[in-house]
Each structure stands twice: as structure tokens, then as C-alpha cells.
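Me: I would like to go through the inside of this protein. Shall we take the packing step by step?

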Amino acid sequence: MRSELESQLGRIANWLHVSFKKNILTTFDRVLDEDEEVDDVLEGFYRGGSVVSSGSGAPGILCITNRRILFLLNGKSTTPAETISFDDLLQVDARRSDSSVKITLQHSAGTGVLTSTKRSTLTRTFLDHLKSRVGDEIVVEDEGIANESTDRQLSSEEKLANLNFLHNEARKIIRAVNQYKQFNNEPAFLQQMIDDLMYVTYCCVGKAEHPPEETKLFISMVFMYLRQRLIPDRELVLDVFRYDSLPLHHRRQILTHWHIFHNEIQKVRGVTVSSLKSLQYLHLYDRRQDSSHFDKMAASFFAYAQCVIKADGTTKGDAPQKLAAIRTLIYGDQEQVSASEEKKVARKTVRIAEQQQEETLDEVMEKINTLIGMTKVKAQINTFINVIKVHNERERRGLPVTPFSKHAVFYGPPGTGKTTIARYLGRVYKCLGLLEKGHMVETDRAGLVAGYVGQTAIQVDEVVNEALDGVLFIDEAYTLSPRGAGKDFGQEAIDTLLKRMEDHRDRLVVIVAGYPDEMNDFIASNPGLQSRFSRYFYFDHYTPEELIRIFDIFASNASFNLTAPARRELLNVLTTFYKKRDKAFGNGRFVRNIFEKTVEKQANRISAVSPLTDQILCAITKHDIPTREDFQH
């Protein structure tokens, strides 16, 4: 709609300097695809391609969208737009002369040149947006442009665009936090998240009583909504977020509440934490539920921190150091927790609320079939479902039936989806009437084996009782009976488990998982195991193409977008590691490590970039993709 487009363009500083806006808007209406969004525009004179011109070129605007580059002529709404796709772009050269900047776009179909006489700050912003889409390696600038100070003063138009950006980001963080009002039936969780956000705010502004006015405005907008009980004028709170851009007539009113939030920030003074409780909880919840709440909220918290620190459109000397410390606060603790510690802590600290809505078998299978890769595993699950359906029908008709085992062995290297499939398999069993609840309890040797005589059986009983009417998933199960270890408490765990499997044959499904060779030895080591496990699923390594699709999921969950050069570089990195893989190659876990390092490198790259935009915050360029050296310790 025209109103939405005008609102979107109104947040772009360069748009305020464009001539013939009415005609350009008409052209935009005609040429933009559905859901295509404009990143930035730059007015100038263009030569090349289908644009017929003489002298310095035809007047118009060069436009960056989320899909391509366009050139639109001024005053001629019926003229076809010059279009260059990001994939076709080979190189962009930007050179400054005394009175103008010349931007040369070399692409597979030819060359286009825009000569702009706009002031350098507008050109700088435009080139930053272009880099966020295609990468630094394609956009080459001369020193006069590249060395321009990031602490320059913003023009009045840029300040207005920056205020609207901050208003939009405040709305985003409020929406993100509000999604957790009744998360997992934990009534205090939302308040914990707001408290953690306040701690992040303190890490950004510290003891400063008078940070920049834009910083005060942004913080006040966020917390006047999240802590409405502190604000006497509730109508103001609602009115501020009733519009797509900042209602300037409320700006002074918002700032009058700064002292309230400054006092709240200073209450955190003297408190030191190593991690944020709400994000740690989400991290452990994700571990159990295969969800992505942590990625989404960690990205929101870090984007919030960047907006607080760079709210006035400049970067202070210590901004990169502050952001690095905040990033460690948000992400660092999660990266240091070992997998076995996660399982142990998650089982005891994260209570998963009972699923309220019943699933059908078709709904569960649809979710399984959307998982990346695992073609053979999916086929085996379908075969098992068919076996159960035939078994039930024969039983209903009084025909002889063959007994079948519900217990299973999952073979395969780490990070190939074994835990995820185990969780879905429990839900399949529930839909088929084989289990009452279908939930999954995950454990390993550390969760089953105690260090003293008699305690292992008690520990196994506790875990089994938690798993009754569902699935008990034992990762690296072969460690219960390691080669050459003789008799140890692991054997006591196996014996106790076999007895409980027999006692609760209709209420318990056990799935054991690990490397193929070790699991073969484990099953063969005990006749009781051989008789109870007769269903085997093999999980193969993901291909590089599948690995990049997993990366896309992580990136999408955290609202990151890869430029075309970044995607090519990522595929090269994944292919290199895939070719040199061994049985311990991490697959999905390795992709998560790459994603986390990518986010870290992107944060370092943009730490000194200001003013911010959504494109800068969300873009992953080629230089953000970690190299092989980044994984060497």
C-alpha cells in the first residue's frame, strides 16, 4: 500500500533529499515486488544499461532494496527501471572528486555509473547499506570515503531518520519480550527477562546521569511500556506506539520520565552476574524442546544494547569494548557449558509444562518430514507406523499378531538429529496409542551412574520414573559398558535398566544412541540388550548443502540475512570441513559453532558503525564467516 511505502521511505534519511517524490512513488508502486522493501536511495545522474542519456547522465535515484538494485528516472514514471541483481554484481567502485562522488557498478550485463552531488554523509550511508547486501569485498572505496569519521555530526534529516529507527527498534524489543508473558507457565519469567534487560542497560550506560538525549529517549520508550506501573500517564504509553514513526510532539513528555528509569538502572549498580537468568533458562529449554527461543532473544538483547550505545548516531571510544563485554554476558556462558552438564542441569531446572493441544499423527509426521536430511530415517519411521497400523488391525479382527519391539538403537555421529528424532518418535508413539504421554527424558552415563555402591540403582530408578509413559533417551550409551573396563557401576546401571524395562514394558520406551562401532559392541556385550533392541536407525553425516540449510535456520531465528558472497564463502568453509571429517565431526553442532562465531565476528565488524539501521544489524557479509584458523586453539 502507498501509505506503508511512504512510511518506510520516511525512515530513510536520503529520501528526504530526493526531488520529484510524487513521481518516484508512482514508479515504486509499479516496479516493486510484493514484500520488496527499500533499504536506501541516492539521487544523482545515471549512465548505462537501458537508460538513454547524454553528458553526465539521466537524473534519478539509485535504489537498494532487499532483493536488487534499481535506477528510477525523475519525473518519468512510465520509463522502465534499470535493474541489477545482487548475484550479477561484480564490483562497485566509489570515488570522490571535489564536487561529487562517482559510483561505478560493474555487473554481468555491463556497467552503470551514478554521479551524485549530494553531501558525503548521504553517500556514506548509501554505501554502508550496499555493503550490508553484497559485502565489503565488492564495494571498493577510495580513501576519501573509506576514512570518513564515524563520529561525524548527523544532519537534521539524519537525526529524524535515526529517531524513527530507534522508535521502530523499541517496538521490536517490546514485542519480543512480550511474547514471554506466560512462557512455560512460569509467572515470574517475564519479570526476570525485564530485569535482565535492565542489567544490560546498566552495562551500556553505567553510572552516567546524562547520557545523550537519544539514549535516554530510547531507553525510556522501551521501559515505559515494559514497566507501565511506573508511569502515571498510561495514555501516553499507548499513544507513543500507536504510530509507525516517533510522534515528535511526545518526545519531551517521554524524556520527562527518564529520571524514573535512571533510578531503576542505578539499582543494578554493584550487582555482578556472569549470565542472564532468563536467557540461560531459554537455552536449557531449547535443549529439551528443540526450539529456538534463546537465539531469538539473545539477538534481540544484543540489538537493544547496540541501539543504547549508538543511539545518538555516533560511536564513543569505548563502544566496541562495551559491546564485546555485553556479547560475552549474553552468549559466552552458553558456549562454556558442556553437553553433559546441559542435560543434567536442564532435567532438574527446566520444568516443561504439559502440552495442552493434542497432536494428530499427520501433524507430527509433517514436522518430521520438514526436518533437513535424514531420508532413510524418515522412511523407517513411516515403515514402523505401517507395521503398527497393520498389527492393530489384525488384533482388532482377532488374527494372529507378531510381537514387535518399541525400543530402538540410533547409530551415527554427533549432531545428526538423533535427539530430535527421539523426541518426535515419542510423540508418534503417543499418537499410535503406544504411550500415554510421549514425552522424552534425555540422559547419559553421568545421569545414570553414581560413584558409590547401591546408589546407581537409585539414580536409574529416578530417571526411569521420570520417563514412564514416554521415551528415555540415553546418549553415548556404550559408555555404560566401556571396552576393557571390567565390572564397574555402569553394569549395575544396565542391569537395573533391563529390569525396569521388563517391569514397565507397556509404559517405557528406551532409545540408546552413539557411534556405530561402539554401539554394536555395547549391544553385543549383553544378551538382555540384544533381546530388547531389535530396531535400528542409522543417521548419516549431513552434506554441505544440508549444513548450510541448518545455518539458514539459525540465522533466520535470530533475524540475520546472508549476502550472496557470504553464502558462497560459507559453503566453501562447510565443504572444506566436510571433506576432512572424521566420525566425531559435529554436523549440526559444528554449524551452530560456525553460527556463533559468525555472530561474534559480525558484532566486532559493526561495533564502530553508526548510525545503525536494520540492514546493518542483520546483514552477514563474507568477512563475518569464520575461517579455518578461527577454529584453531
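Reply: Contact here means heavy atoms within 4.5 Å. The model is predicted.

Me: Leaving aside neighbours within four places in sequence, which residues does Q306 contact?

Reply: Q306 is found in helix α12. Neighbours within four places in sequence are left aside. The contacts of Q306 are then L323, I606, L612 and L617.

Me: Is Q306 buried or exposed?

Reply: Buried means under 20% relative accessible area, exposed over 50%. The relative accessible area of Q306 is 2%. Q306 therefore counts as buried.

Me: Which residues have the most contacts inside the largest nonpolar core?

Reply: The largest nonpolar core has 128 residues. Helix α12, residues 293–309, gives the most to this core, with twelve residues. Those with the most contacts inside the core are Y304 and F410.

Me: How many residues are in the second, separate core?

Reply: This second core is separate. Its members include V441, V463, L468 and L480. The count is 29 residues.

Me: Which residues does F410 contact, leaving aside its neighbours within four places in sequence?

Reply: F410 is among the residues with the most contacts inside the largest nonpolar core. With neighbours within four places in sequence left aside, the partners of F410 are K418, I421, A422, L425, F473, I511, V512, A513, G514, F537 and F539.

Me: Which residues of strand β9 lie on each side?

Reply: In a regular strand, side chains alternate between the two faces of the sheet. Strand β9 spans residues 408–411, and both of its faces are covered by burial. On one side are A408 and F410; on the other, V409 and Y411.

Me: Which residue of β12 stands opposite Y411?

Reply: β9 and strand β12, residues 508–514, run parallel. Four bridges join them. Opposite Y411 in β12 stands G514.

Me: Which residue of β13 stands opposite A408?

Reply: β9 also pairs with strand β13, residues 535–538. The sense is parallel, over four bridges. Opposite A408 in β13 stands R535.

Me: How many residues does helix α20 give to the lining of the second largest cavity?

Reply: The second largest cavity is lined by L480, I494, L497, L498, M501, V512, F522, L529 and F533. Helix α20 covers residues 489–503. The largest share of the lining comes from this helix: four residues.

Me: How much space lies in the second largest cavity?

Reply: There are three cavities of 30 Å³ or more. The lining of the second largest has nine nonpolar, no polar and no charged residues. Its space is about 50 Å³.

Key. Residues are numbered from 1 along each chain as its sequence is written. This is a predicted model: local features need pLDDT of at least 70, side-chain atom pairs count only at pLDDT 80 or more; totals for chains, interfaces and linings use all residues. Side-chain values use heavy atoms; hydrogens and water are left out. On a 1 Å grid over the protein atoms alone, a cavity is a set of points where a 1.4 Å probe fits but cannot get out, and a pocket is an open set with protein on both sides within 12 Å along at least five of seven lines; lining residues have an atom within 4 Å of a point. Grid points are joined across faces, edges and corners, and a volume is the space filled by probe spheres set on the points. Helices (H or I, at least four residues) and strands (E, at least two) are DSSP runs, numbered from the N terminus. Ala, Val, Leu, Ile, Met, Phe, Trp, Tyr, Cys and Pro count as nonpolar, Asp, Glu, Lys and Arg as charged, and the others, Gly among them, as polar. A nonpolar core is a set of buried Ala, Val, Leu, Ile, Met, Phe, Trp, Tyr and Cys residues joined through side-chain atoms within 4.5 Å. Buried means under 20% relative accessible area, exposed over 50%, partly exposed in between (1.4 Å probe, protein chains only). Two strands pair if DSSP finds at least two bridges between them.
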